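The following report describes a structure by its domains, its contacts and one of its helices. Please read it beside the sequence and the model.

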Amino acid sequence: MGRAGTIARRTFMVGSVAVMSGVAFGYYMYRKPGPNPLLDDLQEGEAALTPYVLINASGITLITPRADSGQGAYSVQAMMIAEELDVDMDQVSVSPGVPSPVYYNTALAAESAPFRPTDRSTMANTTRGVMDAVMKFTGMQLTGGSTTVPDGYEKLRMAGAVARETLKLAAGKRTGQDPKKMTTERAHVILPDGTRIAYTDLAVEAAQIEPADHLALRHHSKWRIMGTPQQRLDIVAKSTGTLRYGIDFEPEGVVHATVRTNPRKGGVMNGYDATNAKAMRGVKQVLPVTGGVAVVADNTWRAFAAAEAIDIDWGAAPYPAEMDAHWQALSDSFNDDHLDSRKRDDGDVADAAYDAPEGTVVEAEYRAPYLAHAPLEPSNATVLVGDDRVDVWSGTQVPRFVQANIAKLTGINVDNIHVHVQMMGGSFGQRLEDDVERQATEIAMQMKGTPVKLTYRREEDMTHDHPRQIAMARGRGVVKDGKVHALDLGIAMPSVMSSQMGRQGWTVPGPDLQIVAGAWEQPLSIPNYRVSGYRAPELAPISSWRSVGASTNGFFHDVFLDELIHAAGADPLEERLRLMWHKPSRQVLEAVAEMSDWATRPGEGRGRGVAFCTSFGVPVAEVIDVTATPDGIRIDNVWVAAEVGRVIDPVNFENLVQGGVIFALGHAINCEITYADGMAEQDNFYAFEGLRMRQAPVIEVRGLENDIHVRGMGEPMVPPAAAALSNAIFAATGQRIREMPMNRHIDFV
Amino acid sequence: MKLTVDGNPHDVDVEEDMPLLWLLRDELGYKGVKYGCGVAQCGACTVHLDGVAVRSCQTWAGDAEGAEITTIEGLGTPDALHAVQEAWIAHQVAQCGYCQSGQMMQAASLLAETPAPTDDQIDEAMSGNLCRCGTYPRIRAAVKTAAAKLSEV
């Protein structure tokens with residue numbers, strides 16, 4: 001407030017919205033978060049209190065700092081603010097705002113603490129608090145880990161409540177009437193006599209008042225917006241082709257660029273001959289970038305064509321050139337030298353699993369491949385480098401990393417690096433990396449004053465993706481008296497966190513719990529139960545792929561459990577229920593049992609499998625029915641139940657869960673990235689297909705609201721899907737699929 | 001060469017072998033048409049050429065000479081929606097939405113040819129269009145809603 005009126009006259013650019021005058025509210029009094037970034041760009045005569053609600057004479061803009069890659073993040077964040085602000089969704093616009101430490105991700109901190117999500121002990125909660133402070137300190141504004149809802153659940157609603165109550169105080173000051181007797185609805189304060197004053201009319205006066213404090217959030221029974229299907233804010237634009245993504249952004253004078261960097265990722269470029277490329281129509285420049293070369297042209301296709309015409313001599317890969325060596329590295333990691341964590345060690349596994357009578361022991365090995373993220377919008381970024389300022393337009397999940405890295409590249413102060421976050425055509429974790437922004441900056445630095453749009457060819461995007469980790473698991477278990485008696489699972493993979501954060505110059509101390517995520521924290525009371533994580537050496541660079549460690553481990557853990565249950569002769573669902581001590585987890589299993597009518601088994605030639613995985617704090621159970629047809633396995637039906645505490649938007653929830661299951665199944669049956677001569681062998685969708693519509697099953701979804709903790713649903717539907725499919729195929733055919741992609745072992749329709 | 005896009009006449013000077021996709025996006029500014037794969041594997045670039053759905057990444061500028069091209073923004077607009085777009089909104093099909101321009105153009109072409117498609121016909125016609133977010137169940141439902149709506153008039 002103290003800076004009111006002292007800011008130079010400037011236009012506040014928030015996404016495509018230019019806010020000419022206004023006031024901003026937030027959760028400032030709730031937990032003082034740090035400097036309000038909205039203050040920096042308001043016009044003279046304006047004021048900004050806090051960072052989430054911006055009101056001016058022409059309307060209300062909600063700041064939704066978590067990026068939208070299609071999961072509906074903008075809408076769901078807006079819903080949470082609007083609920084308490086007493087505005088309706090048709091009255092607001094949203095903006096991702098500007099990168100700022102104030103928008104740090106609280107929930108991601110909780111997820112990084114080394115405790116099971118079911119652990120609510122003082123120690124666990126204290127550690128989560130410390131991690132929160134670390135995230136806050138570093139200002140980690142990151143979209144990921146299914147954290148948008150849990151992160152915003154309190155602070156966004158509080159941002160709305162503080163603004164609403166402060167507007168009432170302003171109305172009181174203006175009219176002399178008691179704010180306690182006022183109500184609010186549809187962006188108006190209603191005075192006791194029924195007079196309505198628009199928020200937009202009160203905004204500037206409200207800015208002069210100390211924000212309201214000590215507010216209570218409304219009980220969910222009073223919600224008007226949350227919990228009710230809403231029309232997504234972007235749905236009309238996305239249904240009419242009018243939504244503009246990063247790839248569509250073209251400032252005046254833009255030039256079109258593409259790059260070719262070493263397909264042996266991280267390897268050097270020994271040299272190149274661009275004679276032919278330079279002679280091609282529309283080509284403006286051929287410029288070096290780290291690890292490769294860029295073509296700048298007057299049209300994207302001309303840049304693509306010229307890039308393909310360059311003759312390049314690539315250096316060797318900084319990782320094993322052939323897949324055999326990758327698998328061997330994992331295989332060689334199952335020993336004490338590589339032991340990274342053993343946070344699950346119940347009973348006496350050494351005794352129970354390794355000193356058991358013959359015929360009771362089950363052993364199995366599992367594999368999961370590298371996977372590209374391959375969002376349908378290829379990687380792109382537009383960068384304009386000036387003398388003392390850089391503008392970046394890009395669909396990024398890590399705007400603060402982009403800022404910091406471009407500051408380093410250009411030597412320009414980080415405060416003058418302006419990142420304008422764009423809508424993403426998918427991500428699945430890809431846009432947690434920032435190669436494309438760095439490369440676009442390298443090109444733009446050589447063309448100062450000209451905006452450069454860098455677009456990857458699909459082939460560049462798929463072969464230079466930082467894929468999901470490759471992983472291997474070995475299980476040994478024992479059954480006794482028709483029950484699972486011992487389960488010992490070892491998982492080996494390189495550290496995703498070390499690879500990913502290493503590219504940001506960070507060292508991640510301690511064990512990487514992603515190596516065992518989706519396995520070690522399962523709420524099962526098996527008498528002898530151990531999960532060991534083995535850190536394999538760094539191989540190909542890897543990154544977070546939708547559900548990260550759990551994407552492989554949910555498959556390993558639950559399929560192995562299924563094998564044991566079958567060996568014990570128990571019912572797959574009943575035995576899981578018997579072993580499950582955590583009530584909300586039992587309830588998701590009971591829900592899918594009911595939804596699928598578990599007790600009535602599908603007929604001849606068909607098979608039904610169940611799987612369970614808790615990840616990101618969300619217990620999810622899935623049942624899948626398949627038919628073994630003469631042409632291969634057909635996936636018929638999927639039933640999913642997930643415990644999320646609260647379903648914020650039922651329609652978006654259903655869509656997200658159905659889509660996530662299809663995403664998971666498609667990759668499970670037919671996708672992998674393999675390296676030959678150090679290069680990814682799959683470079684387009686013909687070799688990395690996923691599910692087509694004709695293969696998509698009917699999927700029924702139920703969101704449960706039994707737990708007190710509210711969780712996000714961007715990822716947790718992924719880990720159980722492949723396991724449920726493998727378990728269903730076993731039920732239908734007797735063939736146990738222990739490796740993804742499954743079409744290496746069995747055909748699919 | 002001359003062509004008409006969404007009712008607008010254009011006269012352009014480009015290579016014969018420039019994909020229609022890039023002619024539309026970069027030369028003429030029709031950004032509703034999307035680049036996904038460049039090799040007719042994903043369908044994001046689908047437009048209508050003289051009323052029939054084609055992959056614009058595998059249609060050459062030379063072949064579009066004199067043609068009537070319709071993009072998603074010519075199919076209907078937020079103020080005057082095509083039945084397919086209306087159904088896409090009603091079912092809230094889109095997640096990231098990047099493939100949906102192509103999905104809707106494919107669906108509109110299917111319904112123009114086959115006004116009351118069976119489930120198999122829908123799957124057959126739509127399986128060339130990838131959706132990485134996995135919105136297929138909603139696409140199926142929306143195609144049926146659009147078919148019903150179109151049969152009313």
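## Terms and basis

A residue is called buried if 20 or more other C-beta atoms lie within 10 Å of its own, exposed if 12 or fewer, and partly exposed in between, with C-beta atoms placed from the backbone. Helices (H or I, at least four residues) and strands (E, at least two) are DSSP runs, numbered from the N terminus.

This is a predicted model, in which local features need pLDDT of at least 70 and side-chain atom pairs count only at pLDDT 80 or more, while totals for chains, interfaces and linings use all residues. Residues are numbered from 1 along each chain as its sequence is written, and chains are lettered from A and ligands numbered from 1 in the order in which they are written.

## Helix H17 of chain A

Helix H17 of chain A covers residues 583–596, and because its 14 residues at 1.5 Å a residue should span 20 Å (the expected span being 1.5 Å times one less than the number of residues), the 20 Å between its end C-alpha atoms agrees. Its buried residues are Pro584(A), Ser585(A), Arg586(A), Val588(A), Leu589(A), Ala591(A), Val592(A), Ala593(A) and Ser596(A).

Among the elements that cover these buried residues of H17(A) are helix H16 (572–579) and strands S25 (606–615), S26 (618–629), S27 (632–643) and S30 (698–704) of chain A. After H17(A) comes Asp597(A), which has a positive phi near 55°.

## Domains of chain A

Chain A is divided into domain 1 (12–105 + 140–239), domain 2 (246–317 + 379–455) and domain 3 (323–372 + 466–744), with bounds that come from an automatic or database domain assignment. The C-alpha centres of domain 1 and domain 3 of chain A are separated by 39 Å. Their contact (C-beta atoms, placed from the backbone, within 7 Å) takes 19 residues from domain 1 of chain A and 17 residues from domain 3 of chain A.

## Domains of chain B

Chain B is divided into domain 1 (2–75) and domain 2 (83–152), whose C-alpha centres lie 20 Å apart. Domain 1 of chain B brings 16 residues to the contact between them, and domain 2 of chain B brings 14 residues.

## Contact between the chains

Where chains A and B meet, 51 residues of chain A and 47 residues of chain B take part. On the side of chain A that touches chain B, helix H6 (235–239), helix H8 (300–308) and helix H18 (650–670) of chain A each supply at least two residues, and H18(A) gives the most, with eight residues.

Definitions and conventions: Contact = placed C-beta atoms within 7 Å.
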